[in-house]
Amino acid sequence: MTWIGLVIVCLALVVGRDWLVSTKAAGSFVLKEDGRSGRPAILTARADEESPYIAPYVPTPQEVIDRMLQLAEVRAGDVVYDLGSGDGRIVITAAARYGVKAVGFEIRPDLVKRSRENIKEAGLEHLVEIREEDIRTIDLSPATVVTLYLYPSANLRLRSMIMRQLKPGSRVVSHQFTMGTWKPDQVDQITDSTGIVRTFYLWRITK
Ligand SMILES: C[S@@+](CC[C@H](N)C(=O)[O-])C[C@H]1O[C@@H](n2cnc3c(N)ncnc32)[C@H](O)[C@@H]1O
């Protein structure tokens, strides 16, 4: 085996299948694994301005999702939107735990299909929906809670849309990435069970 082959095999073993799928689908992202645990948290990446993919697929662990939804103080009557919903785990958790309506937006058809299967398996089709849409152009106004695990430049792209379209009282929670100069109302941090430090940012819409 050549040294390039060896490097590819090592990368596949260390970072895992999701990284490879993301890289293949998004093409333009180069992720680096977490230095402490070697797990595929999004830490640094390079995005291609031309690509519709504004973040690669890296799923959020369940314990982190639980904390994000707690921080957003999800309650009966909320409508939760997950922007870039991956396999649907955030919207499924919101509906299962809080009984709220939840909508995921995802651009990758394979993930849309997988998340719809997961929703069906969870018996939550009456509460959860996945829309195969580009999050740069969706209508956010029905949402009262927006969750994000994207990428710094992606958050910045969506920021003015979020600020403009969400109603007062709505909450926005971002896993790992800020919104540039838009100061969060709360910052929270946990070390997950694999040793990765996870930071959460909460903004409350007040205008
Ligand atoms: C880091 S993953 C987060 C997945 C899920 N929210 C979670 O936390 O487990 C980001 C997701 O955004 C999706 N995505 C990237 N660009 C998008 C776009 N323009 N419109 C919709 N989804 C997009 C990716 O395919 C990927 O599934």
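## Ligand surroundings

In this predicted model, the ligand is surrounded by 25 residues, of which Thr60, Gly84, Gly86, Ile107 and Tyr149 are the closest. By residue class, the shell around the ligand comprises 15 nonpolar, four polar and six charged residues.

## The sheet as a whole

Seven strands form an open sheet with mixed pairing, arranged in the order E3-E2-E1-E4-E5-E7-E6. The edges are occupied by strand E3 (128–131) and strand E6 (186–191); each has a single partner strand, so one side of each is left without a neighbour in the sheet. From one strand to the next, the twist averages 20°.

In general, the strands of a sheet pair through backbone hydrogen bonds, in either a parallel or an antiparallel manner. Both senses are represented here, as the mixed pairing indicates; the individual pairs are described below.

## Strand E4 and its partners

Which residues of E4 are buried on its two faces? Val145 and Thr147 are buried on one side, and Val146 and Leu148 are buried on the other, so that both faces of the strand are covered.

On one flank, E4 pairs with strand E1 (residues 79–83) in the parallel sense, over four bridges. Within this pairing, Tyr81 has Val146 of E4 as its bridge partner. E4 is also joined to strand E5 (residues 171–175) by four bridges, and these two strands run parallel. Here Val146 has Val172 of E5 as its bridge partner. Val146 thus takes part in bridges with Tyr81 and with Val172. Together with helix H6 (residues 152–165), E4 and E5 make up a β-α-β unit that is right-handed.

## Strand E5 and the antiparallel pairs

Why is E5 described as largely enclosed by the rest of the structure? Five of the five residues of this strand are buried, and E5 is therefore largely enclosed. The burial extends to both faces: Arg171, Val173 and His175 lie on one side, with Val172 and Ser174 on the other.

E5 is joined to E7 by five bridges, and the two strands run antiparallel. In this pair, Arg171 stands opposite Arg204 of E7. Strand E7 (residues 197–204) is in turn joined to the edge strand E6 by six bridges, again in an antiparallel arrangement. Thr191 stands opposite Val197, a residue of E7.

## Helix H5 and the loop after E3

At the E3 edge of the sheet, helix H5 (residues 109–122) lies across strand E2 (101–105) and E3. The helix runs at about 170° to E3.

The loop between E3 and strand E4 (145–148) contains Asp139. Is Asp139 buried or exposed? Asp139 has 10 other C-beta atoms within 10 Å, and because a residue counts as exposed at 12 or fewer, Asp139 is exposed. Its C-alpha atom is separated by 8.8 Å from that of Met161, although the two residues are 22 residues apart along the chain.

Notes: Residues numbered from 1 in each chain as written. Predicted model: local features only at pLDDT ≥ 70, side-chain atom pairs only at ≥ 80, totals over all residues. Near = placed C-beta within 6 Å. Nonpolar A, V, L, I, M, F, W, Y, C, P; charged D, E, K, R; others polar. Pairing = 2+ DSSP bridges. Axes fitted to C-alpha atoms, helices over the stretch in contact; angles between N-to-C directions. Contact = placed C-beta atoms within 7 Å. Buried ≥ 20, exposed ≤ 12 C-beta atoms within 10 Å, placed from the backbone. Right-handed = clockwise from strand over helix to strand, strands pointing away.
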